[in-house]
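Dear colleague,

Please find below the sequence and the structure that I am handing over to you. My findings follow directly after them.

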Amino acid sequence: MAKPDTPPKQVIFEGEEAGAGFASPLMDFIASAFLLLIAAAFMAGSLALPVPGSLATAPGLLPFLTAASLGLMALALAWTAWQRWRASRLLATRMAPFDWDLPTELRTLALALCVLIYISALQILTFRTDFVLGGFPLVLSAFEPVTIVVLVVIMSLFWRGPLWISLTISIVWTVFLSLVFRNMFHVPLPGS
Amino acid sequence: MLDSILLALSPYLLLVTTAGVCLGIIWGALPGLSTTMAMGLLIGLSAGMGQNSAICFMLGVYTGSVFGGAISAVLINIPGTPDAVPTMIEGHQLAQRGEGGQALGMAIASSFIGGWVGIILLVAFIPLLLTFALNFRSWEMFLLALTGILVAGTMSTGEMPLKGWISGWLGMLVAFVGLDAIHATPRFTFGTFALFDGISYVPVLIGLFGLAEILRTLPSPSAPTIPSGVDRVVPPLRMIMKYFKSAVRSGVLGTVIGAIPGAGANVASFLSYDIGRRRASPEERAKWGKGSYEAIVCAETANNANIGGSMLPTLALGIPGNAAAAALLAALTLKNVVVGPTIETDHPGLIYFIYAALVVANMIMYVAALMLIRPCVRLFSLPRGILMPLILPVCIIGAYSVKLSIFDVWIMFAAGIFGWLMSRFKFPVAPMVLGVILAPLADENLRRSLFIFEDKSWAYVASQWIGTVLIIFIALVIIDGIRRLFSKPSDPSKAAL
């Protein structure tokens, strides 16, 4: 039974997406600078577009308005960041400029590189071999070997279990996906 | 309608729906894998199916995954989906007292009731909304698209709607790439032929919700979760009847919230939980936060009723109710189904088939949920380092299968990296998806309406009363957002962040 003096747990709604909201002022400054650049680029691009009919139907009209309002929002974001930075100085609160954990970010970078290599390999190494096994038509393309290798590498990076388990799971999963998409739903796979 | 139900009950479609529901439940139950991610990634699988099979499959996944979040919430105190947080608070307390099975049983029954409330209200109100939607012309459609993006931005970030709006605006800019719909002028293509066709929103959706989630969760260190045991799952009828009134109230609330573009299952679940606490008897209110069955009923009924609600704007106006509905819209578009006010004339009978598919999916969900709880408990013991990499090839196939183009896979990769960066800078990603989907609608309709209004007076524009109401609503949303921007954060610690 729950203890009678246990305080009830609080449920706080932070928005439809948990985690979105206030970042450190420095991160919000960086974000607003990036957004201003994007806004400026799109505004310039919109103005450079031809106007075949009247201004009301110009292809660059809504892109220009969107980019201009994005620029204003970026300025507002920078303003809130500055307000919070000033408040933290007044309160003499120590701020972490980035709430990032370096080892985790390095692991993320390694994972992103694996995905980059995976897609590049599927684009470069294209082959397809059709064969029949027990009367069942099958296809072997670059998708299968590349996927197996990439999955084994990623699993080895993020799981300390035996290699043979990673290899078995990768083979079973790749063959399963290949059979379901190619043979059952006739969806071609990349690398073929 | 009877024909549609019989069609949805045909053996093949029944099998496809069951597969969708089971996949959805397992997906939703696994921590870190959201409903939208399930819907986004499985678009690829639905691409190889016929129109009816794709609808049954996607609705099955939607129904199953919304419930699935409750399983891990109750048994391992980690919400499978964000809307299962209230269920986690109450359900895990009950599980610790050895009542986990009954808590899950109540969650299943509530989800089932919620599903029905959502479907009944959808069937009741869609003819009205469709009739009303026929009054929407270019100006109103532009304003409605803008409303959808703004509201999605506001709802996604509780204290800082500005970041939600920025996310939506970025999505709009992405959608402007390609040939414009009126003059076929290439916009922001930089001479790249592959960009002439524009950026398809399916790879963007998969990147933002699939790859970005893998990049976010896989490298983060996490302790293995140990599932608690689960006893008898079927809840007694007496308990269901006891909370039936709360279930119906929460169901209606969940459906109404679902019908608001941008407001999804999370808003429905949290709001219904809060209203349920206020409306509960003093004796029941004392249990709130310590393991209350009524609280589970409120949260689970609302988030499942939200499915029917989100279908209302999606089908009647072509404006997705939430990000998961946006994924469903993408799957329908791949099958050349254009939803909106003219859906009944463009695709006669389709709307009845969608009702029937929802009914069948809800029935199957009840049975499948009872059968899948124990296998799901076993899945929780799988390390994240094994589970998450397996999703990667599904992302690749999903992005590739839309146009059989490796360029789309690169788009997915770019969207994934951008989505990860957005989450690190604490920007929501759902409004961006809505921006990508709604921007072409907004662009085309704004230019058409400005062309119509070119030689008209301001009084004429103001006389378009639906548009004027929408402008007032947009102004109120913006004013509320600006007010929140100038007010201090509710949590003092955030002031120094």
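**Findings in chains A and B**

Chain A has five helices and two strands. Read from the N terminus, its elements follow the order α-α-α-β-β-α-α. Please bear in mind that this is a predicted model. Of the 192 residues in chain A, 30% are buried. Among the contacts in chain A with a separation of 6 or more, 61% are between residues 24 or more positions apart.

**The interface between the chains**

In the contact between the two chains, 76 residues of chain A meet 83 residues of chain B. On the chain A side, at least two residues are supplied by each of helix H1 (25–48), helix H2 (61–90), helix H3 (102–124), helix H4 (143–158) and helix H5 (163–184). H2(A) gives the largest share of that side, with 14 residues. By residue class, the side of chain A that touches chain B consists of 50 nonpolar, 20 polar and six charged residues.

**Helix H2 of chain A**

H2(A) also deserves a description of its own. Its 30 residues should span 44 Å at 1.5 Å a residue, and this agrees with the model because the end C-alpha atoms of H2(A) are 44 Å apart. The buried residues of H2(A) include A:Leu62, A:Pro63, A:Thr66, A:Ala67, A:Leu70 and A:Gly71. Further along H2(A), A:Met73, A:Ala74, A:Leu77, A:Ala81 and A:Arg84 are buried as well. For reading such a list, it helps to recall that an α-helix has 3.6 residues a turn, so residues three or four places apart point the same way.

**The hairpin of chain A**

The two strands of chain A are E1 (residues 128–133) and E2 (residues 136–141), and they pair in the antiparallel sense over six bridges. Within this pairing, A:Asp130 has A:Val139 of E2(A) as its bridge partner, and A:Phe131 is bridged to A:Leu138 of E2(A). Two residues lie between the strands of the hairpin, where A:Gly134 takes a positive phi near 60 degrees. How many of the six residues of E1(A) are buried? The count is zero, and E1(A) is thus hardly covered.

**A helix pair in chain B**

Two packed helices are described by the angle between their axes and the distance between the axes. In chain B, the axes of helix H9 (residues 161–175) and helix H23 (residues 465–486) come within 9 Å and cross at roughly 130 degrees. H9(B) is therefore oblique to H23(B), because this angle falls neither over 145 degrees nor within 65 to 115 degrees. H9(B) contributes B:Pro161, B:Leu162 and B:Trp165 to the contact, while H23(B) contributes B:Gly481, B:Arg484 and B:Leu485. Four of the residues in the contact of H9(B) with H23(B) are nonpolar, one is polar and one is charged.

**Two residues of chain B with positive phi**

B:Ala184 is not a glycine, yet it has a positive phi of about 55 degrees. B:Ala184 sits in the loop between strand E1 (178–179) and strand E2 (186–187) of chain B. Is B:Ala184 buried or exposed? B:Ala184 is exposed, because 11 other C-beta atoms lie within 10 Å and the limit for an exposed residue is 12 or fewer.

B:Lys426 is likewise not a glycine, and its phi is positive at about 60 degrees. The position of B:Lys426 is just after H20(B), in the loop between H20 and helix H21 (430–453) of chain B. B:Lys426 is buried, because 21 other C-beta atoms lie within 10 Å and a buried residue needs 20 or more. As for the preceding helix, the 19 residues of H20(B) (residues 406–424) should span 27 Å at 1.5 Å a residue, which agrees with its end C-alpha atoms being 27 Å apart.

**A buried alanine in chain B**

B:Ala368 belongs to helix H18 (residues 350–380) of chain B. B:Ala368 counts as buried because it has 27 C-beta neighbours inside 10 Å. Leaving aside residues up to four places away in sequence, B:Ala368 touches B:Thr18, B:Val21, B:Cys22, B:Ile25 and B:Gly64. B:Ala368 and B:Phe112 are 256 residues apart in sequence, and their C-alpha atoms are 11 Å apart in space.

With kind regards

Technical notes: Residues are numbered from 1 along each chain as its sequence is written. Chains are lettered from A and ligands numbered from 1 in the order in which they are written. This is a predicted model: local features need pLDDT of at least 70, side-chain atom pairs count only at pLDDT 80 or more; totals for chains, interfaces and linings use all residues. Two residues are in contact if their C-beta atoms, placed from the backbone, lie within 7 Å. Helices (H or I, at least four residues) and strands (E, at least two) are DSSP runs, numbered from the N terminus. Ala, Val, Leu, Ile, Met, Phe, Trp, Tyr, Cys and Pro count as nonpolar, Asp, Glu, Lys and Arg as charged, and the others, Gly among them, as polar. Two strands pair if DSSP finds at least two bridges between them. The expected span of a helix is 1.5 Å times one less than its number of residues. Axes are lines fitted to C-alpha atoms, for helices over the stretch in contact, and angles run from 0 to 180 degrees between N-to-C directions. Angles under 35 degrees count as roughly parallel, over 145 as roughly antiparallel, 65 to 115 as roughly perpendicular and the rest as oblique.
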